[in-house]
Amino acid sequence: MNVTITPGRLAGTITPPPSKSQAHRALIAACLARGVDQVENLADSKDIQATRRCMEALVASSENQILLDCGESGSTLRFLIPVALALRGGGRFTGQGRLMERPQTPYFDLFDEKGIFYDQKDGVLTVKGVLTPGRYALPGNVSSQFVTGLLYALPLLEGDSEIVLTTELESRGYVDMTLDVLKKFGLQIPETANGFAVPGGQRYRPHPVTVEADWSQAGFWYAARALGNPVDVTGLDPNSAQGDRVIGDHFIQLSQPGDVEIDVSGCPDLVPPLAIMAALRQGTTRLVNAARLRIKESDRLAAVTEELNKLGAQVEEHPDSLTVSGVDGLRGGTADAHNDHRIAMMLAIAATRADGPVTITGAESVRKSYPNFWEDYQALGGMLQVSDL
């Protein structure tokens, strides 16, 4: 699907969709507690559909090596690998897009140590074995998703376990969100000096949860505001466990002229909206510690650089960072979403400051996390035309 945007200011009030990150976590806990109907305010995005589909299959099926289609959701895949081992001794996992290319090395290293079988070929990952209580050491600077997967699975085992982080934990906010959800569902997981103590023999207990509005998606509307669009973002919890609530602070920071450096290791999903804010401000902005963005739905560092530069921005790509030199405006043209929802939304916001129409190819990719993005964009006054490929 192509979307062609006629440049113009957006204006009005917007509430972002429910948090995808929180919804994943609540759905998994609710299914383990057999109380999935108690999770309210769920967005029907493709990623959340994947988690619901896989969890319902895990708790309902009697097949040990069930095939779980995770779509394009890295959270679904990484959260559920250890859960499947704990519940039924493993499973088979598949997906679309770049999902099955994304590395699972921290799990594989643990599986080698614990004697758990794994094999990946023809787009299917098979894991099989007994997840036993004990010590689980893994790096904290690869992805917090591996930590979250173990935090869900280890309490189900009969004995006590320990998660030991061998490097500093990045994206700490996502683990905090996991712990917050687990606590609501009755689990106790004390923090230690270098990780987490996980008592075994715990049970998930049903608990009503209303999923909060998404600070990650709010980032694009904050970006719109930074670019001169009078958009008010409402419905967000300032005390949320979502780490991406830092977008409010970064919005203030990037609204001022001058050179700025932002460490995005704890908020990698905010790089696309931060990049478009940086592209049209006075000064140079460095977005650093961003290497993990190369293994998202796209190589997001390359995609941000390539597509914003097509529209006249000045973005320089480095191995683990971006340097963005502000310009006064952007030009129209055609840009590609790289099958990446966050690249598509970044380009939509960029179009508000272009001097001619902007056509975004692959615009349907927003369905992964924000199915109603284009409707919300139009509700704020955005002028767009949709055409099929």
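How many bridges join S16 to strand S17 (residues 321–325), and which way do the two run? Five bridges join them, and the strands run antiparallel. Before going further, keep in mind that you're looking at a predicted model, where local features need pLDDT of at least 70, side-chain atom pairs count only at pLDDT 80 or more, and totals for chains, interfaces and linings use all residues. Residues are numbered from 1 along each chain as its sequence is written, and side-chain values use heavy atoms, with hydrogens and water left out.

Some vocabulary helps here. Helices (H or I, at least four residues) and strands (E, at least two) are DSSP runs, numbered from the N terminus. Two strands pair if DSSP finds at least two bridges between them.

Back to S16 and S17: Glu 316 stands opposite Thr 323 in S17. Both strands belong to an open sheet of four strands, ordered S14-S15-S17-S16, with mixed pairing. Strand S14 (260–263) and strand S16 (314–318) sit at the edges with a single partner strand each, so one side of each has no neighbour in the sheet. From one strand to the next, the twist averages 15 degrees. (Angles run from 0 to 180 degrees between N-to-C directions, and axes are lines fitted to C-alpha atoms, for helices over the stretch in contact.)

Two helices pack on this sheet. Helix H8 (residues 247–254) touches S14 and strand S15 (284–288), and its direction makes about 165 degrees with that of S14. Helix H9 (residues 271–279) touches S15 and S17, making about 25 degrees with the direction of S17. Touching, or contact, means heavy atoms within 4.5 Å.

Now hop over to strand S7 (residues 124–128). S7 pairs in the antiparallel sense with strand S5 (residues 90–94) over five bridges, and S7 also pairs with strand S6 (residues 117–121), again antiparallel over five bridges. Try finding Val 124: Thr 94 stands opposite this residue, and Val 124 is the bridge partner of Lys 121 too. The hairpin of S6 and S7 has two residues between the strands, and there Asp 122 takes a positive phi near 55 degrees.

How do helices pack against each other? Two packed helices are described by the angle between their axes and the distance between the axes. Helix H2 (residues 46–60) and helix H3 (residues 74–88) pack at about 5 degrees, with their axes 11 Å apart. H2 and H3 are therefore roughly parallel, a label for angles under 35 degrees. Among the residues making the contact are Ala 50 and Leu 58 of H2 and Leu 80 and Val 83 of H3. By class, the contact has nine nonpolar, two polar and two charged residues.

Helix H7 (residues 215–226) is a nice one for a quick check. Its twelve residues should span 16 Å at 1.5 Å a residue, and its end C-alpha atoms are 16 Å apart, which agrees; the expected span is 1.5 Å times one less than the number of residues. Ten of the twelve residues of H7 are buried, including Trp 215, Phe 220 and Trp 221. Buried means under 20% relative accessible area, exposed over 50%, and partly exposed in between (1.4 Å probe, protein chains only).

For a contrast, look at Thr 210 in strand S12 (residues 209–210). Its relative accessibility is 53%, so Thr 210 counts as exposed. Not counting residues up to four places away in sequence, Thr 210 touches Gln 22, Glu 40 and Asn 41.

Methods:
Angles under 35 degrees count as roughly parallel, over 145 as roughly antiparallel, 65 to 115 as roughly perpendicular and the rest as oblique. Ala, Val, Leu, Ile, Met, Phe, Trp, Tyr, Cys and Pro count as nonpolar, Asp, Glu, Lys and Arg as charged, and the others, Gly among them, as polar.
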